[in-house]
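Reader: I am new to reading structures, and I would like one long, careful look at a single part of this one. Please start from a well-covered piece of the chain and work outward through its surroundings, explaining each term as you come to it.

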Amino acid sequence: MSQFYDDLETRSAEQRDADLAVSLPRQIARAKALAGYAEALGDVDPAAIKTLADLATLPVLRKSELSKAQGANAPFGGFADLTRPGIVHVFQSPGPIYEPGGQAGDWWRSGRAMFAAGIGADDIVQNCFSYHLTPAGMMFESGARAVGAKVLPAGTGQTELQARAAHDIGVTAYAGTPDYLKIILDKADEMGLKLNITKAHVGGGALFPSLRQEYADRGVQCLQGYGTADLGIIAYESSAMEGMIIDEGVLVEIVTPGTGNPVAPGEVGEVVVTTLNPDYPLIRFATGDLSAMMEGTSPCGRTNMRIKGWMGRADQTAKIKGMFVRPEQVADLVAKHAEIAKARVIVDRDGEMDAMTVQIEATDGDTEAYARSISETLKLRGKIEIVAPGSLPKDGIVIDDQRSYD
């Protein structure tokens, strides 16, 4: 088995610059031809955008703008052409935001990240990302196929059946959120089942050091990737585990949050991504995530730039159990019940699992009704605390993420 997925991973800086001078103008031209970019790129000469410095002169596209455009021009707001043969799926993510998906090749490029995690043709991957509405399940199935692995399309839930299937089938690798693997392993121990999982590629949430160590103690090498439903894989860990290597199919900038201005190398800022996917040419798409560029290249031999990994959100949005919870969703929750004056979501850890508490300011309240509304609005279950009106802090914080990422 080769050490690298392909020759793109070990290009020299000079070769990268030369390749970018060809691929970037081509992608800008594709975007400019779409209705969604008519205003933002109307006066731009694609041939003049050849470097990351040139790219930084273009406006940033924010998810709120994309959502608004989708409302006026369904399903993709004019940022993708549904008639392209490469687009075969339409997905929905919380927001709601709609994303295209394709089945030709490794459309989301997750194979490169899975290869770096050691997953290959000899593996059976238990894919515990959701196959329902969101693209995550398909994203990692296509990656597993790209590296020649077989897939158990497990999705989420039904932990006892998951543990039984992992045992019976002889699953060797896991793909899913960081903490769900522990649930499967613990359930297997409880059932007296020996599992053969030795590799894991995780995403959709932070991989805390203590959890990674627990997996290592159980004989599982757990590496993480970073991606979004809109962009696919953005960066991934290799066995060197020194930062996250930028995927070869995207360009990454770190900018001052709320602007499009690149920060100095090493400074923390918002991750802005340009994808080279011809079906969905997102240009300078702001993720809302925080990270920082690292100096040098990875000891594993891959030469692309690296980021330090996910370092929180530029806004109050939090990812809980692999699902984004946004301030506007909390506002929707409050609007559902006339007696609620204010609500605050607190995110913490319960052992190695994400835990969510929803504090609700109300004189009296129906806890069961609130639980239903929380499930419908936030798409998650959590502990409910009813507190006296006026008791929540007046600090503007709607989502209080108390998790430590050290």
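Author: Contact here means that heavy atoms lie within 4.5 Å of each other. Helices (H or I, at least four residues) and strands (E, at least two) are DSSP runs, numbered from the N terminus. The model is a predicted one, in which local features need pLDDT of at least 70 and side-chain atom pairs count only at pLDDT 80 or more, while totals for chains, interfaces and linings use all residues. Residues are numbered from 1 along each chain as its sequence is written, and side-chain values use heavy atoms, with hydrogens and water left out.

The part to begin with is helix 5, residues 136-146, which is mostly covered, since eight of its eleven residues are buried. Buried means under 20% relative accessible area, exposed means over 50%, and partly exposed is what lies in between (1.4 Å probe, protein chains only). The buried residues of helix 5 are Ala136, Gly137, Met139, Phe140, Glu141, Ser142, Gly143 and Ala144. Their cover includes helix 4 (110-116) and several strands, namely strand 4 (124-127), strand 5 (150-153), strand 7 (199-202), strand 8 and strand 9 (232-236). After helix 5 comes Gly148, which has a positive phi near 85°.

Two of the covering strands can be looked at through one residue each. In strand 8, which runs over residues 221-228, we find Thr228, and this residue is buried at a relative accessible area of 13%. Once neighbours within four places in sequence are set aside, Thr228 is in contact with Met139 and Ile234, and Met139 is one of the buried residues of helix 5. The side chain of Thr228 also reaches the backbone nitrogen of Leu231, at 3.0 Å.

In strand 5 the residue to follow is Leu152, which counts as buried at 18% relative accessibility. Although Leu152 and Ile124 are 28 residues apart in sequence, their C-alpha atoms are 7.0 Å apart in space. With residues up to four places away in sequence left out, Leu152 touches Val125, Gln126, Asn127, Ala165, Ile169 and Val171.

Moving to the chain before helix 5, Ser93 belongs to strand 2 (residues 89-93) and is buried, with a relative accessible area of 11%. The side chains of Ser93 and Glu99 are joined by a polar contact of 2.9 Å; a polar contact is a pair of N or O atoms within 3.5 Å, where within protein one must be able to donate a hydrogen and the other to accept it, and residues adjacent in sequence count only if both atoms are side-chain atoms. Beyond residues up to four places away, Ser93 touches Glu99, Thr134, Pro135 and Ala229.

On either side of strand 2 there are loops worth pausing over. Pro75 sits in the loop between helix 3 (63-72) and strand 2, and the peptide bond leading to Pro75 from Ala74 is cis, with omega near -5°. Pro96 sits in the loop between strand 2 and strand 3 (97-101), and the bond from Gly95 to Pro96 is likewise cis, with omega near -5°. In the loop between strand 3 and helix 4 lies Arg109, a residue other than glycine whose phi is nonetheless positive, near 65°; at 15% relative accessibility, Arg109 counts as buried.

Finally, we can follow the chain beyond helix 5 to two more helices. Helix 6 (residues 159-169) and helix 7 (residues 180-191) pack at an angle of about 75°, their axes being 9 Å apart. That makes helix 6 roughly perpendicular to helix 7, where angles under 35 degrees count as roughly parallel, over 145 as roughly antiparallel, 65 to 115 as roughly perpendicular and the rest as oblique. The axes are lines fitted to C-alpha atoms, for helices over the stretch in contact, and the angles run from 0 to 180 degrees between N-to-C directions. From helix 6, Thr159, Glu160, Gln162, Ala163 and Arg164 take part, and they meet Tyr180, Ile183, Ile184, Lys187, Ala188 and Met191 of helix 7.

As for the record, an unreviewed UniProt entry annotates residues 136-274 as "domain: AMP-dependent synthetase/ligase"; such annotations may be inferred rather than shown by experiment, their names are shortened, and their positions follow the numbering used here. That span is 31% helix and 29% strand, and its end C-alpha atoms lie 20 Å apart.
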